[in-house]
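Visitor: I would like a close look at a single part of this model, please. Start wherever you like, and then connect that part to the rest of the chain for me.

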Amino acid sequence: TRLKLLLDHREVGAGREHAARGALLADLASKLGADAVEGRALPLGDVLWVWQVESPDCWSESAASKEVLAGWITERKTFADLSASIVDGRYDEQKLRLLE
């Protein structure tokens, strides 16, 4: 079992496809270790932590590894994006999804 930080690769500084976008992921990997950080498309939030639980060899291959949300989800916002999301209603929708 290990704790892993997941970063939405669609966020600026997180993706690997552009030098500036990969900077955040690379910086976190250098500080926390390459196995402790991963960039991927997240269904909710911009940053979250999961416990990765390795399954015993006797379990089916589809259950080889499980992820359990560690309880922390972070949604990054600039002031301009926060203001816009309040005005257009995205803020309330995102808040409800985070609280579910």
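Guide: Happy to. A helix here is a DSSP run of H or I with at least four residues, and helices are numbered from the N terminus. In that sense Leu 82 has its place in helix α2, which covers residues 79-88. Please keep in mind that this is a predicted model. Leu 82 has a relative accessible area of 29%, so it counts as partly exposed, a class that lies between the 20% limit for buried and the 50% limit for exposed. Once neighbours within four places in sequence are set aside, Leu 82 is in contact with Lys 77 and Tyr 91. Lys 77 also has a role in a network of salt bridges, where it is linked with Glu 75, Asp 81, Asp 88 and Arg 90. Two of those partners, Asp 81 and Asp 88, fall within the span of α2.

Arg 90 takes us on to helix α3, which spans residues 90-99. There, the side chains of Glu 93 and Arg 97 meet in a salt bridge, at 3.0 Å from N to O. Why can these two reach each other? They are four residues apart in α3, so about one helical turn separates them. Glu 93 is partly exposed at 35%, and Arg 97 is partly exposed too, at 33%.

Now let us step back to the whole chain. It has three helices and four strands, and along the sequence they follow the pattern β-α-β-β-β-α-α. Of its 100 residues, 24% are buried. Among the contacts with a separation of 6 or more, 52% are between residues 24 or more positions apart. The accessible surface comes to about 6800 Å², and carbon and sulfur atoms account for 59% of that area.

A good way into the rest is strand β1, residues 2-8, where five of the seven residues are buried. This strand has a partner in β3 (residues 47-54): six bridges join the two, and they run antiparallel. β1 is also joined to strand β2 (residues 37-40), this time by four bridges and in parallel. In the pairing with β3, Leu 3 stands opposite Trp 51; in the pairing with β2, Leu 6 stands opposite Glu 38.

Which residues make up the largest nonpolar core? The six members are Leu 5, Leu 7, Leu 25, Ala 36, Val 37 and Val 47. In soluble globular proteins, nonpolar side chains tend to be buried together. Leu 5 and Leu 7 both come from β1. Side chains in a regular strand alternate between the two faces of the sheet. Val 47 touches Leu 5, Leu 6 and Leu 7, and also Leu 42, Trp 72, Ile 73, Thr 74 and Arg 76, not counting residues up to four places away in sequence.

Helix α1 (residues 23-32) meets this region through Leu 28. Beyond its neighbours within four places, Leu 28 is in contact with Leu 5, Leu 7, Gly 33 and Val 37; among these, Leu 5, Leu 7 and Val 37 belong to the core just described. Leu 28 and Leu 7 are 21 residues apart in sequence, and their C-alpha atoms are 9.8 Å apart in space.

Nonpolar side chains turn up on the outside as well. Leu 3, Trp 51, Val 68 and Trp 72 form a surface patch with about 380 Å² of accessible area together. Two of these, Leu 3 and Trp 51, are the opposite pair from β1 and β3. Val 68 belongs to strand β4, residues 65-74, and is partly exposed, with a relative accessible area of 44%.

Let us finish with charges. The search of the whole structure finds 10 salt bridges. One of them pairs Arg 10 with Asp 8, at 2.6 Å from N to O. The two sides of that pair sit quite differently: Asp 8 is buried at 3%, whereas Arg 10 is partly exposed at 48%. Another salt bridge joins Glu 38 and Arg 40, at 2.9 Å from N to O. Glu 38, which stands opposite Leu 6, is partly exposed at 23%, and Arg 40 is partly exposed at 25%.

Terms used:
Residues are numbered from 1 along each chain as its sequence is written. This is a predicted model: local features need pLDDT of at least 70, side-chain atom pairs count only at pLDDT 80 or more; totals for chains, interfaces and linings use all residues. Side-chain values use heavy atoms; hydrogens and water are left out. Patches are made of residues with over 30% relative accessible area and no salt bridge: like charges are joined within 9 Å, nonpolar side chains (Val, Leu, Ile, Met, Phe, Trp, Tyr) within 5 Å. Accessible areas come from the Shrake-Rupley method with a 1.4 Å probe; for residues, only the protein chains shown count as cover. A salt bridge is a side-chain nitrogen of Lys or Arg within 4 Å of a carboxyl oxygen of Asp or Glu. Buried means under 20% relative accessible area, exposed over 50%, partly exposed in between (1.4 Å probe, protein chains only). Two strands pair if DSSP finds at least two bridges between them. Contact means heavy atoms within 4.5 Å. A nonpolar core is a set of buried Ala, Val, Leu, Ile, Met, Phe, Trp, Tyr and Cys residues joined through side-chain atoms within 4.5 Å.
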